[in-house]
Amino acid sequence: MKAFFDTNILVYTATSDAKKHTAADCLRRGGLVSVQVLNEFVHVARRKLRHDWPQIELALGLFRASLDDVLPVTLNTHTGAMSLARDHALSFYDALIVAAAIEAGCDILYSEDMQHGRTIGGLAIINPFLESAS
């Protein structure tokens, strides 16, 4: 099983929200993100969480150390995302995450924001917060 993480999983690890522990457990099991996910984390951490730059840099360092890899967003990723957005009614930025996960050969995409249980191109979207609630 090869996992990919949506931005919200990383964001919850940097909060005091009750979902923090579930998000951290997901990351501990290993997986991948794209540079887009790290960029989105920085945006949310700065604007919504109001973290200062040293806090953000520390979190990014911890993510990079714990993740199996951080993947680039390439022209192929972009092209794949265009098709996924069109064919599966995804927002473009969600489609970029799905495309990166598929390119990386992942089986699971952990995300709170996409449709739990949906499968796209062999990639199962799992909301880990729903599973922990049951």
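**Overall size**

I began with the radius of gyration: a compact globule of 134 residues would have a value near 14 Å, and the protein has 14 Å, so the two agree. I note here that the model is predicted. I then looked up the extent of the C-alpha trace, which spans about 40 × 35 × 25 Å along the principal axes of the protein. For burial I noted that 46% of the 134 residues are buried. I also looked at contacts between residues at least 6 apart in sequence, and 57% of these join residues at least 24 apart.

**Elements**

I listed the secondary structure next and found seven helices and six strands. Read from the N terminus, the order is β-α-α-β-α-α-β-α-α-β-β-β-α.

**Helix 3 with helix 4**

I turned to the packing of helices. Such a pair is described by the angle between the two axes and the distance between them. Helix 3 covers residues 35-47 and helix 4 covers residues 53-66. I noted an angle of about 150° for this pair, with the axes 10 Å apart. Angles over 145 degrees count as roughly antiparallel, and I therefore entered helix 3 and helix 4 as roughly antiparallel to each other. Their crossing is right-handed.

Which residues of helix 3 meet helix 4? I found Leu38, Phe41, Val42, Ala45 and Arg46 on the helix 3 side. On the helix 4 side I found Trp53, Ile56, Ala59, Leu60, Phe63 and Arg64. Sorted by class, this contact has nine nonpolar residues, no polar ones and two charged ones.

**Helix 3 with helix 6**

I looked up a second partner of helix 3, namely helix 6 (residues 92-103). The angle here is about 135° and the axes are 9 Å apart. That makes helix 3 oblique to helix 6. From helix 3, the residues in this contact are Gln36, Val37 and Glu40. They meet Tyr93, Leu96 and Ile97 in helix 6. By class I noted four nonpolar, one polar and one charged.

**Ser34**

I picked out Ser34, which lies in strand 2, residues 32-34. Is Ser34 buried or exposed? Ser34 has a relative accessible area of 0%, so I entered it as buried. Leaving out residues up to four places away in sequence, I found that Ser34 touches Phe4, Val70, Leu71, Val73 and Ala100.

**Positive phi**

I checked backbone angles last. Most residues other than glycine have a negative phi. I looked up two residues against that background.

Arg50 has a phi near 60°, a positive value in a residue other than glycine. I located Arg50 in the loop between helix 3 and helix 4. Its relative accessible area is 68%, and the cut-off for exposed is over 50%; I therefore entered Arg50 as exposed.

Where is Ala89 found? I placed Ala89 in the loop between helix 5 (75-88) and helix 6. The phi of Ala89 is near 55°, again a positive value in a residue other than glycine. Ala89 has 71% relative accessibility, so I entered Ala89 as exposed.

Note on methods. Residues are numbered from 1 along each chain as its sequence is written. This is a predicted model: local features need pLDDT of at least 70, side-chain atom pairs count only at pLDDT 80 or more; totals for chains, interfaces and linings use all residues. Side-chain values use heavy atoms; hydrogens and water are left out. Axes are lines fitted to C-alpha atoms, for helices over the stretch in contact, and angles run from 0 to 180 degrees between N-to-C directions. Helices (H or I, at least four residues) and strands (E, at least two) are DSSP runs, numbered from the N terminus. Angles under 35 degrees count as roughly parallel, over 145 as roughly antiparallel, 65 to 115 as roughly perpendicular and the rest as oblique. A crossing is left-handed if the near helix is turned anticlockwise from the far one by less than a right angle, and right-handed if clockwise. Contact means heavy atoms within 4.5 Å. Ala, Val, Leu, Ile, Met, Phe, Trp, Tyr, Cys and Pro count as nonpolar, Asp, Glu, Lys and Arg as charged, and the others, Gly among them, as polar. The radius of gyration is taken over C-alpha atoms; the globule rule is 2.2 Å times the number of residues to the power 0.38. Buried means under 20% relative accessible area, exposed over 50%, partly exposed in between (1.4 Å probe, protein chains only).
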